[in-house]
Amino acid sequence: MTSTDATIASRPRAQPAWKRLLLSEYLVLVLTVLYFAVMWTIVPEIAAADTLLDILSAMMPLLVVAIGQTFVLIVAGIDLSAPSIIAMASVVGASVMTGDAGYANGTGFEIIAGILAFIAVGTVIGTFNGVCTTRFSMPAFIVTLTTMMFFSGAAIWYTTVHTDASSIGNLPRGFIEIGQGRVMGLPVSLAVVIVVAGIAHFILSRTVYGRWLYAVGLNPKAAAVSGVPVRKVIFWAFVISGVCAAISSILYTGRLETGTPVLGQRILLDVVGAAVIGGVSLFGGKGKILWTIFGVLFLTVIDKSLQLMGLPIASVFAIKGSIILAAAIIDAQRHRLLVRG
């Protein structure tokens with residue numbers, strides 16, 4: 001064998017185009033653009049300026065809670081309690097600042113007190129999930145499923161105690177602007193999401209804790225041997241998820257102008273699905289905030305297009321469920337390809 005032959009033989013083989021596309025972090029963005037182009041021919045109003053703004057507004061609260069879910073998925077966990085955190089935070093926060101005998105009503109600090117109440121609820125529930133998962137070595141699925149059931153019921157009970165109605169209204173106008181307001185045509189909520197996404201990206205890509213998250217997700221035993229505080233890493237992932245769900249509740253409650261115990265009831269599939277569609281691995285150790293943004297955008301565009309087509313709710317859930325299942329299959333194939341190299 002000549003030196004030229006040896007050089008050629010030593011070069012890594014070029015991957016097939018389909019494999020490069022499957023492993024590309026921009027796969028979902030490409031699919032979103034293609035889907036949007038097809039839908040443009042079927043429902044041209046999807047490209048209207050108002051529709052695009054509606055898509056952007058609908059993305060914001062879902063993206064925040066999906067960012068929190070991303071942290072938990074990276075450590076190979078799952079947080080099913082996000083919808084109940086959103087609901088519980090909504091009614092507690094609304095009860096603090098509402099004009100309907102709110103606890104902080106008339107103090108001049110209604111909005112600040114309400115927002116702190118939202119965050120407190122998310123922090124407490126996230127802490128509970130983290131303690132049960134790490135201290136008692138309970139499966140995250142069981143812990144967060146139980147939490148979801150308990151606080152979904154607690155939110156309804158709390159609302160009935162605070163008011164005779166099924167929701168808590170008469171929220172301060174300044175708070176409502178957080179969810180509904182626009183500045184220069186763009187949603188105010190966009191600023192909130194940019195801050196949350198920026199902080200999350202910084203944590204994952206520029207901090208020691210971010211490196212620990214990926215290490216724990218890839219191999220917790222090896223991470224522990226290397227000196228990574230595995231329990232603390234997982235604990236704080238659940239706390240972050242709880243706080244993100246609470247911030248999402250602020251945006252959702254502002255959009256609806258009311259605190260309601262059924263808020264976020266149907267978004268669990270979207271929260272987990274958006275992250276997985278974007279490329280965050282269910283096996284742990286893999287994920288980026290950018291990928292989650294792509295996943296939320298894809299799912300929101302699909303949701304809006306199905307609404308414009310006038311499909312019944314059953315068909316919408318069936319289609320979205322099929323898409324998320326396909327994303328899970330793709331995630332499994334990606335994991336297999338990465339393991340085999």
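Reader: What is the phi of glycine 279, just after α13?
Author: Glycine 279 takes a positive phi of about 125° there. The model is predicted, so local features need pLDDT of at least 70 and side-chain atom pairs count only at pLDDT 80 or more, while totals for chains, interfaces and linings use all residues. Residues are numbered from 1 along each chain as its sequence is written, and side-chain values use heavy atoms, with hydrogens and water left out.

Reader: Why is helix α13 called mostly covered?
Author: Helix α13 spans residues 268–278 (helices, H or I, at least four residues, and strands, E, at least two, are DSSP runs numbered from the N terminus). Nine of its 11 residues are buried, a term that means under 20% relative accessible area, with exposed set at over 50% and partly exposed in between (1.4 Å probe, protein chains only). Among the buried residues are Asp270, Gly273, Ala274 and Ile277.

Reader: What makes α13 and α14 oblique to each other?
Author: Their axes come within 7 Å and cross at roughly 120°, where axes are lines fitted to C-alpha atoms, for helices over the stretch in contact, and angles run from 0 to 180 degrees between N-to-C directions. Angles under 35 degrees count as roughly parallel, over 145 as roughly antiparallel, 65 to 115 as roughly perpendicular and the rest as oblique; the roughly 120° of this pair therefore falls in that last class. The crossing of α13 and α14 is right-handed (the near helix turned clockwise from the far one by less than a right angle; anticlockwise would be left-handed).

Reader: How are α5 and α6 oriented, and why?
Author: The axes of α5 (residues 82–97) and α6 (residues 110–134) come within 8 Å and cross at roughly 150°. That makes α5 roughly antiparallel to α6, and the crossing of this pair is right-handed.

Reader: How do you know that aspartate 54 and lysine 304 form a salt bridge?
Author: Their closest N and O atoms are 3.8 Å apart, and a salt bridge requires a side-chain nitrogen of Lys or Arg within 4 Å of a carboxyl oxygen of Asp or Glu, so the pair qualifies. Because aspartate 54 lies in helix α4 (residues 49–74) and lysine 304 in helix α14, the bridge ties together parts that are 250 residues apart in sequence. Aspartate 54, at 35% relative accessible area, is partly exposed, whereas lysine 304, at 19%, is buried.

Reader: How many salt bridges does a search of the whole structure find?
Author: That search finds two. Glutamate 177 and arginine 173 also meet in one, at 3.1 Å from N to O, and they are separated by about one helical turn because they stand four residues apart in helix α8 (residues 173–180). Glutamate 177 is partly exposed at 33%, and arginine 173 is partly exposed at 47%.

Reader: What makes the nonpolar surface patch, and how does leucine 290 fit in?
Author: Tyr26, Val30, Leu31, Leu34 and Leu290 make this patch of about 410 Å², the area coming from the Shrake-Rupley method with a 1.4 Å probe and, for residues, only the protein chains shown as cover. Patch residues need over 30% relative accessible area and no salt bridge, like charges being joined within 9 Å and nonpolar side chains (Val, Leu, Ile, Met, Phe, Trp, Tyr) within 5 Å. Leucine 290 has 34% and is partly exposed, so it passes the area cut-off. This leucine is found in helix α14 (residues 289–308), while helix α3 (residues 27–42) gives the most to the patch, with three residues.

Reader: Why is cysteine 244 called buried?
Author: Cysteine 244 has a relative accessible area of 6%, and is therefore buried.
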